[in-house]
Amino acid sequence: MSRLIIAVAPFLLLFNWSAPALADWRVAESDNFVIYAEDSEKDLRKFALMLESYHSAMEFVTGNKIEKPSPSNRVTIYVAGDQRDIRRLARTRSRYLQGFYIARASGSMAFVQDIRGKGIEPSPSMRTLLHEYAHHFLISSMRFGMPRWLSEGAAEFYAASRFPKDGSVDIGRPANHRAAELAYAEDVSVHELLDPELYAERRSNKYDEFYGKSWALYHYLTFSRERSGQIGNYWRTMMTGKSSPEAAREVFGDIDALDKEVSDYVKQRRMFYFGLKPEQISTGPITVRTLSEGAGEVLPLRMISKRGVTEEEATELVVEIREVAAKYPDEPFVLEVLAEAEYDVGNDDAAIAAADKAIALDPTVKNAYVQKGYALFRKAEDADDRDAAYAAAMEPFSKLNKLEKDHPLPLYYYYLSFLERGAEPPEQAKHALERAAQLAPFDQNLWLNVGFMQASEGQIALARFSLQPLAVDPHGGSRAEYVQGLVDALAKAPEGEPFDLSRVIAIPRVEVPGPDDVDKES
């Protein structure tokens with residue numbers, strides 16, 4: 001098991017993290033994942049292979065083949081330490097939290113405790129990762145948002161997987177990790193699953209069986225012969241604009257009968273699942289390398305920085321990172337971490353200097369271009385010659401685009417470079433924004449901007465289609481309510497006539513998510 005480590009770390013002590021003896025940090029890279037862990041090469045390679053097998057199994061079962069992500073758009077996984085460390089990173093006291101996930105166009109990431117399971121069974125922390133990656137996969141492969149029960153039921157369905165040593169994958173197995181919840185937690189009826197308003201009315205402060213019951217309903221509808229095809233019909237009916245309760249009554253019929261069927265189903269001693277053979281699983285190459293001493297020392301601080309920091313935390317953190325950078329002044333990895341930390345505290349010139357030095361030492365350090373671009377865009381806001389300033393701010397993003405043509409951020413910032421200086425973005429920039437959202441469909445801020453742009457062009461139906469999944473996001477909270485307000489406003493707008501959504505509320509921007517912008521999962 002890995003832990004966050006550093007020799008002298010007032011910032012880490014602020015979080016009361018332990019500091020065991022320094023060990024080697026390694027990184028594993030595959031088609032869909034980048035994994036940082038203080039663990040053996042053997043265990044790290046095995047973990048990466050498990051995740052790629054899981055991805056392949058999901059493609060097989062869903063029939064959805066996802067385009068291979070560009071290198072910077074892979075999911076980065078940090079094996080961060082024990083449960084206390086995870087809770088502190090996530091800023092929660094929940095004793096149920098095993099890990100969490102953050103979606104962003106600059107690179108989605110997950111934080112987990114460990115990479116070792118018991119035999120072929122994933123550990124609780126690893127299962128949380130499987131749950132969150134199921135969300136990531138499903139969002140990446142389809143645009144229409146799922147109601148909360150369907151989203152969580154599907155994630156639990158896929159997360160209940162195991163990985164035999166022969167390379168096969170058993171997917172959709174009984175969610176035994178939810179057994180205690182189904183047996184002892186506060187009951188949730190199928191009526192409540194299918195009617196979010198009813199669930200909200202009846203919900204108490206007690207821990208309930210929402211996740212377990214969602215899994216049970218999803219699993220039952222997937223394998224029930226009598227109800228074959230109904231789950232797809234229900235979802236397609238919702239796509240026509242009907243509410244979840246309306247679609248449920250139309251497709252499932254008597255909900256009381258369905259509730260009883262599900263209750264009887266979970267009492268069965270045997271259940272079906274998908275047992276995929278090794279020849280049905282396809283994984284690409286996996287590389288594992290040991291990080292340099294400087295990279296290993298700064299990596300725990302990088303986790304905190306990437307997680308998102310408050311102004312006070314950023315001020316503490318940058319001091320620690322500067323000390324590491326002083327020890328390793330010629331390590332590009334350390335310098336790009338320094339550039340990000342300087343940007344977070346508002347030291348734009350220092351961020352640019354650190355990024356420039358990192359790029360000079362290694363022109364392939366992509367995050368250095370990102371941080372330099374962020375800093376230049378912020379400086380451009382107060383420039384006398386805004387046209388020249390934004391043109392200069394685009395230079396690092398343009399260079400990044402040449403290194404990685406499908407990186408979402410250069411495409412988005414190309415569009416933003418016109419918007420920020422009050423100029424009408426050309427068609428090429430508008431297409432770039434849409435392409436960025438397609439490359440990072442899990443980044444809701446990108447789709448907000450797409451919706452605003454489409455509405456301003458009079459593409460009302462298209463704007464509603466772009467925004468609707470955000471309005472029904474099960475983890476959306478107040479943001480989902482806000483987007484629903486935009487969708488409702490568009491419902492009254494005539495097709496073909498430009499509609500300024502900023503009249504509803506100020507236009508959103510893509511920013512590095514704040515310290516509370518995470519998807520926490522137990």
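What follows walks through a predicted model, from its confidence to its helices, cores, ring pairs and a few single residues.

Confidence first. The mean pLDDT of the protein is 87, and 91% of its residues reach 70 or more. Element by element, the low end belongs to helix α1 (residues 10-14), whose mean pLDDT is 35, and the high end to helix α16 (residues 348-361), at 98. Two stretches call for some care. Over residues 1-22 pLDDT stays under 50, yet the model has 65 contacts beyond four places in sequence for them. The story for residues 506-522 reads much alike: pLDDT stays under 50 there, and 67 contacts beyond four places in sequence are modelled. Where pLDDT is low, the predicted coordinates should not be read in detail.

Next, the nonpolar interior. The largest nonpolar core holds 95 residues, and Phe-111 and Tyr-413 are the ones that touch the most other members. Another core lies apart from it, with 70 residues that include Ile-66, Ile-115, Ala-216 and Ile-281.

Two helices can be checked against ideal geometry. Helix α2 (residues 41-62) has 22 residues, which at 1.5 Å a residue should span 32 Å; the C-alpha atoms at its ends are 32 Å apart, so the model agrees with the expectation. Just after α2 comes Gly-63, with a positive phi near 75°. Helix α17 also fits: its 15 residues reach 21 Å from first C-alpha to last, close to the 21 Å expected at 1.5 Å a residue.

Helix α17 deserves a longer look, as it is mostly covered, with 12 of its 15 residues buried. The buried set is not purely nonpolar in its names: Asn-367, Gln-371 and Lys-372 are among its members, as are Tyr-369, Val-370, Leu-376 and Ala-380. These buried residues pack against α13 (293-307), α15 (332-344), α16, α18 (386-403) and α19. Ala-375 gives a close-up of this helix, which spans residues 366-380. Its relative accessible area is 0%, so Ala-375 counts as buried. Beyond its neighbours within four places in sequence, Ala-375 is in contact with Tyr-343, Asp-348, Ala-351 and Ile-352. On a wider scale, the C-alpha atoms of Ala-375 and Ser-56 are separated by 38 Å, with their positions 319 residues apart along the chain.

Ser-417 offers a polar counterpart, placed in helix α19 (residues 408-419). Ser-417 is buried because its relative accessibility is 3%, and buried here means under 20%. A polar atom of the Ser-417 side chain lies 2.6 Å from the backbone oxygen of Tyr-414. Leaving aside neighbours within four places in sequence, the contacts of Ser-417 are Phe-377, Tyr-390 and Met-394. Two of these names come back in an aromatic cluster, where ring pairs link Tyr-343, Tyr-374, Phe-377, Tyr-390, Phe-397, Tyr-412 and Tyr-413.

Across the whole structure there are 27 aromatic pairs. In one of them, the rings of Trp-149 and Tyr-234 have centres 5.8 Å apart and planes at 45°, so the pair is tilted. Trp-149 sits in helix α5 (residues 148-159) and Tyr-234 in helix α10 (residues 230-239), so the pair ties together parts that are 85 residues apart in sequence. Both Trp-149 and Tyr-234 are buried. Tyr-199 and Phe-210 form another tilted pair, at 5.0 Å centre to centre and with 50° between the planes. Here the partners come from helix α8 (residues 196-202) for Tyr-199 and helix α9 (residues 210-223) for Phe-210, so the parts tied together are 11 residues apart in sequence. Tyr-199 and Phe-210 are buried too.

Finally, Glu-261 shows a residue with some access to the outside. Glu-261 belongs to helix α12 (residues 255-265). Its relative accessibility is 27%, so Glu-261 counts as partly exposed. Apart from neighbours within four places in sequence, Glu-261 is in contact with Tyr-220 and Arg-227. The C-alpha atoms of Glu-261 and Leu-217 are separated by 9.2 Å, although the two residues are 44 residues apart along the chain.

Methods
Residues are numbered from 1 along each chain as its sequence is written. This is a predicted model: local features need pLDDT of at least 70, side-chain atom pairs count only at pLDDT 80 or more; totals for chains, interfaces and linings use all residues. Side-chain values use heavy atoms; hydrogens and water are left out. Helices (H or I, at least four residues) and strands (E, at least two) are DSSP runs, numbered from the N terminus. Buried means under 20% relative accessible area, exposed over 50%, partly exposed in between (1.4 Å probe, protein chains only). A polar contact is a pair of N or O atoms within 3.5 Å; within protein, one must be able to donate a hydrogen and the other to accept it, and residues adjacent in sequence count only if both atoms are side-chain atoms. Contact means heavy atoms within 4.5 Å. A nonpolar core is a set of buried Ala, Val, Leu, Ile, Met, Phe, Trp, Tyr and Cys residues joined through side-chain atoms within 4.5 Å. pLDDT is the predictor's confidence in each residue, from 0 to 100. The expected span of a helix is 1.5 Å times one less than its number of residues. Rings of Phe, Tyr and Trp (its six-membered ring) pair if their centres lie within 6.5 Å; planes under 30 degrees apart count as stacked, over 60 as edge-to-face and the rest as tilted.
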